[in-house]
Amino acid sequence: MKKKYRFILVIGLLFPAVLGAGDKRHIPLELFLIIDGSSTLKNVQPAVVRWLHEQVVDSILQEGDRLTIWVTAEKGEVIFSDVLKGAGDKARIKRVLQSLPFQEGTANVAGAIRDATARVQRSRSMVYTLLISGSTTGRSPSLGGDAVGLLRFTRVEEFSGWRATVIGLGLTARVQQAAAAYMQGNP
């Protein structure tokens, strides 16, 4: 009887370690981070940066992932683009996020979204696109013409004074194929 309890205890102690080992992602991620560079985020910058540090840099990114950061104001500009090679890269990314430049005017994120869309087409990795912008109560980032269609598959998380929008770029063809396959299977 004692052997049975020892066996259960050993399995119980090892089981969490086995579960934790499965959480490590093995496929590299390409993360596109587009940040509203207009003054709408200036007052909430500490909250935005803290969230990006905790939820993106520390929780999502790992060695081998590629991160590209655009800051948009009147036009979009890539301020960081590199593959993470170690913990020092995470510290460097945090410094970049800490010193985000904000300008007066309206952010035009359309160019950055179009650039990210083109990169999605070329990427062989998993792709995650995140747009950080001012909240709906303030000025919204400018999206003109066909760029609105780029935001077709999104998920928005609202915060006080800002929002994080996950954008599913390059999904239209996949969604159409899945819908067609579903319709063919169901008369």
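Aspartate 58 is partly exposed in this predicted model, with a relative accessible area of 40%. Its side chain forms a salt bridge with lysine 94, and the closest N and O atoms of that pair are 2.9 Å apart. Because aspartate 58 belongs to the loop between helix 2 and strand 2 while lysine 94 belongs to helix 3, the pair ties together parts that are 36 residues apart in sequence. Lysine 94 is also partly exposed, its relative accessible area being 24%.

## Salt bridges

Side chains of opposite charge can pair when their charged atoms come close. A search of the whole structure finds five salt bridges, including the one between aspartate 58 and lysine 94. Elsewhere, Asp82, Lys85, Asp89 and Arg92 are linked in a network of salt bridges. Within this network, aspartate 82 meets lysine 85 at 3.4 Å, N to O, and arginine 92 forms a salt bridge with aspartate 82 in which the closest N and O atoms are 2.9 Å apart. Arginine 92 lies in helix 3 and aspartate 82 in strand 3, so their pairing ties together parts that are ten residues apart in sequence. With respect to solvent, lysine 85 is exposed, with a relative accessible area of 55%, whereas arginine 92 counts as partly exposed at 29% relative accessibility.

Three of the pairs are set out below.

| Acidic residue | Basic residue | N to O distance |
|---|---|---|
| Aspartate 58 | Lysine 94 | 2.9 Å |
| Aspartate 82 | Lysine 85 | 3.4 Å |
| Aspartate 82 | Arginine 92 | 2.9 Å |

## The sheet

Six strands form an open sheet of mixed pairing, in the order 3-2-1-4-6-5. Its edges are strand 3 (76-83) and strand 5 (154-159), each of which pairs on one side only. From one strand to the next, the twist averages 15°. Helix 3, the helix that holds lysine 94 and arginine 92, lies across strand 1, strand 2 and strand 3, and it runs at about 170° to strand 3.

## Strand 6 and its partners

Strand 6 is mostly covered, with five of its six residues buried. Strand 4 and strand 6 run antiparallel and are joined by six bridges. Across this pairing, serine 133 stands opposite arginine 163, and leucine 130 has valine 166 as its bridge partner. Strand 5 and strand 6 likewise run antiparallel and are joined by six bridges. Here glutamate 157 stands opposite alanine 164, and the bridge partner of valine 156 is threonine 165. The hairpin of strand 5 and strand 6 has two residues between the strands, and glycine 161 takes a positive phi near 90° in this hairpin.

Threonine 165 illustrates the surroundings of a residue in strand 6. Its relative accessibility is 7%, and it therefore counts as buried, the limit being under 20%. Leaving aside neighbours within four places in sequence, threonine 165 is in contact with Thr129, Leu130, Leu131, Thr154, Arg155 and Val156. Among these contacts, Val156 is also its bridge partner.

## Nonpolar cores

In soluble globular proteins, nonpolar side chains tend to be buried together. The largest nonpolar core in this model has 27 residues, of which Leu33, Leu52 and Ile132 touch the most other members. At least two residues of this core come from each of strand 1 (29-36), helix 2 (45-57), strand 2 (66-72), helix 3 (87-98), strand 4 (126-134) and strand 6 (162-167). Helix 2 gives the most, with six residues.

Leucine 52 gives a view of the packing in this core. Not counting residues up to four places away in sequence, leucine 52 touches Leu33, Ile35, Val57, Leu97, Leu130 and Ile132. Two of these contacts, Leu33 and Ile132, are themselves among the residues that touch the most other core members. Apart from this core lies another, of eleven residues, among them Ile34, Trp70, Leu131 and Ile167.

Methods: Residues are numbered from 1 along each chain as its sequence is written. This is a predicted model: local features need pLDDT of at least 70, side-chain atom pairs count only at pLDDT 80 or more; totals for chains, interfaces and linings use all residues. Side-chain values use heavy atoms; hydrogens and water are left out. A nonpolar core is a set of buried Ala, Val, Leu, Ile, Met, Phe, Trp, Tyr and Cys residues joined through side-chain atoms within 4.5 Å. Buried means under 20% relative accessible area, exposed over 50%, partly exposed in between (1.4 Å probe, protein chains only). Helices (H or I, at least four residues) and strands (E, at least two) are DSSP runs, numbered from the N terminus. Contact means heavy atoms within 4.5 Å. Two strands pair if DSSP finds at least two bridges between them. Axes are lines fitted to C-alpha atoms, for helices over the stretch in contact, and angles run from 0 to 180 degrees between N-to-C directions. A salt bridge is a side-chain nitrogen of Lys or Arg within 4 Å of a carboxyl oxygen of Asp or Glu.
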